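Student: I am new to this structure and would like a close look at one part of it, the aromatic side chains and the strands around them. Could you take me through that part slowly, in one connected account?

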Amino acid sequence: MGLANWGRPSQRDRSMAKGMAALLAGAAAIALCMPTAKAQQATQPAADQQTDQTKNTDEKPASDSTLLDKILVISRTGETAIQSLASASHVDKEQLERRMATTPNEMLLGVPGVTVQADARRVSSSINIRGLQDFGRVAVIVDGARQDFQRSDHGTQSTFYVDPELIKSVDVIRGPVANTYGSGAIGGVVFFDTKDAEDFLKPEESWAASVTGRYESDGKGWTTSASGAYRFNENWDALGNIVYRDYGDYKNGDGDTVAGTGFDVLSGLLKTTIRPSENSELKLGWVGSSDGWTETSGSVPANDVDLKSNTFTARYNITDDAKSWLDLHTNASYNKTVLDLTTLVPQKRFDPITGLPVVLPAGSLSTFDVGTTGIDIWNTSRFETAGIAHELTYGGDWVGDDVETGGTAGGDSFYTPSGKRNVSGAYVQDKLTWEWLEVITGLRYDSYSLKDSDHKISGDRLSPRITVGVSPFESARLAGLQFYGTYAEGYRSPSLTETLISGNHPAGVTFPFLPNPNLKPETGKTVEFGVNYKQNDILEAGDALRLKAAYFNNNVEDYIDGVTLSAFDPTSGCPFGPGIPICFQYQNFAKAKINGFELESVYDAGWGYAGLSASIINGHTISYEGVRADLATIPSSLVTAQLGFRFLDDKLTVGGEVRYNGKPKGNPVAKDYTLVNAFASYQATDNLKVDFRAENLFDVKYANPLNGSTTAVLYEPGVTLKLAATMRFGG
């Protein structure tokens with residue numbers, strides 16, 4: 001039974017979950033005090049910024065020892081991050097477990113150029129890449145399914161819902177070089193890959209199960225997760241995972257309770273992998289969640305929110321080494337997100353049509369129903385001509401959004417227009433390799449159409465890409481040094497909301513929202529220069545150093561942003577009338593200019609590791625009249641340092657993280673702040689693993705600068721201690 005039919009967990013369910021988590025946490029504490037009777041050998045829980053490091057370098061070369069050497073799930077030519085001539089990052093299972101993530105923000109800690117915005121509820125997130133955010137500028141994909149849910153509100157507009165406990169790895173590609181992954185991603189792509197049975201089962205096992213319990217001190221949050229996997233035969237396996245979270249309101253760095261931050265979430269995953277032949281594989285999956293929280297207004301409960309999200313995916317690929325022209329992938333997906341908003345108290349509003357004062361009674365319902373269907377097909381052919389190796393990738397994709405909103409007149413759903421939007425594209429890309437030279441050329445065609453009962457709008461465009469990479473050195477110390485330069489374009493069509501929003505502002509001051517069916521699509525034009533460096537045996541045998549750095553300059557032509565118009569200016573198009581001082585409308589700007597620098601590096605020596613990442617981003621808009629203004633979506637400058645050590649034959653890992661967040665230029669409410677975290681992970685026995693984490697150790701009171709556009713400052717959690725234990729069984 002899908003989560004679409006699940007309601008909120010009962011009080012009894014919550015008590016059982018808390019009891020199980022407490023039992024597991026107690027078992028963890030006992031295990032830490034007992035000598036290990038049977039130590040688990042080399043499951044390699046790998047520290048942040050590294051995986052799969054072995055003590056015996058003869059068994060696994062150092063070149064496979066860091067995260068930058070892991071093959072990107074999102075890659076369509078089988079590249080690792082360090083091989084990619086683009087700004088790409090990978091976060092793996094071991095990192096996710098050690099971060100004990102509750103939100104995507106914690107999953108993506110330390111990934112340069114990436115910031116996650118979430119309001120105080122923490123169950124909904126929006127990803128910002130290089131200052132671009134909302135309305136599909138960043139493509140968020142779960143197992144191949146686009147996450148396109150959108151609700152008009154103050155602050156972030158586009159959100160997605162995924163539980164970190166269900167995720168195996170995350171890949172990030174920054175910039176429009178990701179245009180082979182779908183239309184509109186002028187900021188980049190974030191791909192969440194869920195867990196598989198083959199990653200959970202040991203080679204000799206036909207079944208396995210695990211239970212995890214976790215407690216978090218700030219908000220007194222409890223998490224219980226249970227997983228089970230079964231191998232029917234060597235060509236068929238399945239995995240199921242269920243997660244329940246129950247969190248109260250947390251306290252900020254000053255010890256003040258932040259109202260409305262509590263939530264409860266029930267999430268699940270079902271996934272099966274079938275291998276019809278030696279060279280083919282079919283993955284069928286479902287990911288769902290049933291979330292509940294309370295929205296507040298001035299610290300007073302205002303709305304009860306229930307959200308149900310279900311994602312269904314089918315991924316089939318045929319890869320035949322004997323047929324170099326065949327590496328075919330077909331993805332089909334459907335995502336359905338329904339959010340019900342019920343008022344808890346009578347609310348004074350303005351009628352969205354007449355603008356006259358009305359009272360929205362308690363119990364009024366607003367519904368946001370967004371369905372997204374997607375198809376993505378591509379093939380990579382590999383061959384040589386005149387000594388030049390080719391990887392020719394070609395394919396096409398289509399995504400359709402169907403938005404239905406409604407409910408009580410004057411409810412919030414009125415401001416998220418109903419309608420349909422279709423975006424599609426086709427592309428060809430050739431990667432040529434000759435000794436020290438790599439050249440990537442690509443061309444993508446995009447088209448879109450959107451409509452409601454009164455409008456029908458469409459458009460199309462060709463977007464090119466060219467990348468040149470050189471590895472000019474042959475000496476031992478410089479052979480791993482590679483330079484590259486890229487010019488790439490991307491195309492984003494206007495969303496339904498940007499084009500068709502209408503009505504009068506619901507509260508505070510009445511003013512109209514004006515639709516704009518004449519919006520032009522955005523075109524991102526990025527120039528990027530980067531360097532990749534990899535070297536083994538730097539200070540001692542078996543160690544490894546990896547580094548990626550890039551400078552980028554992105555000009556987004558016809559950038560779309562919300563504009564406040566004066567009713568007293570006859571040229572604004574804003575209707576003048578009693579009580580109407582302003583209007584709001586999405587309009588095009590001549591361009592948004594964004595530039596910045598990114599760094600990601602790691603040194604790993606087996607007994608420990610050190611990582612450093614950084615991003616500095618600046619940006620502003622320029623109107624058609626040449627007026628320059630700060631871009632509100634520019635995130636903090638970030639520097640993240642990580643250090644970890646391994647003991648007891650790699651069964652114990654301890655370490656810490658320091659993250660500096662600089663004040664974004666032009667943000668009057670933002671401040672600089674530094675956060676310090678610490679962690680420890682201990683594989684006590686074959687069947688018991690214990691994790692501990694302390695976040696915001698110095699109890700800093702801080703707010704995410706991206707939330708500056710919301711109606712109130714939302715302070716993040718203060719010091720938080722996390723303790724988890726995982727029991728695993730198999731046979």
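Tutor: A definition comes first: rings of Phe, Tyr and Trp, the last taken by its six-membered ring, pair if their centres lie within 6.5 Å. The model we are looking at is a predicted one. Read in that way, ring pairs link F135, F414, Y415, F511, F513, F584 and Y586 into a cluster, and the structure holds 16 aromatic pairs. One of these pairs joins W434 and W436, whose ring centres are 6.0 Å apart and whose planes meet at 65 degrees, so the pair is edge-to-face, given that planes over 60 degrees apart count as such. W434 counts as partly exposed, with a relative accessibility of 37%, and W436 is also partly exposed, at 42%.

To place part of the cluster, turn to strand β28, which covers residues 582–588 and pairs with β27 in the antiparallel sense over 7 bridges. F584, one of the residues that the ring pairs link, is the bridge partner of T564. These two strands belong to an open sheet of 4 strands, in which the order is β23-β24-β28-β27 and the pairing is mixed. At its edges stand β23 (503–504) and β27 (560–566), and each has a single partner strand, so one side of each is left without a neighbour in the sheet.

From the ring pairs we can pass to rings that have a charge over them. The charged end of R728 sits over the ring of F200, 5.2 Å from its centre. In a similar arrangement, K701 lies over the face of Y715, and here the distance to the ring centre is 4.4 Å.

Aromatic side chains also take part in the surface, where W207, Y230, F232, W236 and F729 make a nonpolar patch of about 510 Å². Within this patch, F729 can be placed in strand β36, which runs over residues 720–730. The relative accessible area of F729 is 42%, and the residue is therefore partly exposed.

For a second sheet to set beside the one described above, look at the open sheet that 5 strands form in the order β1-β6-β7-β4-β5, again with mixed pairing. Its edge strands are β1 (87–91) and β5 (145–146), each of which pairs on one side only. Within this sheet, β6 (residues 167–174) and β7 (residues 188–194) pair in the antiparallel sense over 7 bridges, and V172 has V190 in β7 as its bridge partner.

Definitions and conventions
Residues are numbered from 1 along each chain as its sequence is written. This is a predicted model: local features need pLDDT of at least 70, side-chain atom pairs count only at pLDDT 80 or more; totals for chains, interfaces and linings use all residues. Side-chain values use heavy atoms; hydrogens and water are left out. Two strands pair if DSSP finds at least two bridges between them. Rings of Phe, Tyr and Trp (its six-membered ring) pair if their centres lie within 6.5 Å; planes under 30 degrees apart count as stacked, over 60 as edge-to-face and the rest as tilted. Buried means under 20% relative accessible area, exposed over 50%, partly exposed in between (1.4 Å probe, protein chains only). A charge sits over a ring if NZ of Lys or CZ of Arg is within 6 Å of the ring centre and within 35 degrees of the ring normal. Patches are made of residues with over 30% relative accessible area and no salt bridge: like charges are joined within 9 Å, nonpolar side chains (Val, Leu, Ile, Met, Phe, Trp, Tyr) within 5 Å. Accessible areas come from the Shrake-Rupley method with a 1.4 Å probe; for residues, only the protein chains shown count as cover. A salt bridge is a side-chain nitrogen of Lys or Arg within 4 Å of a carboxyl oxygen of Asp or Glu.
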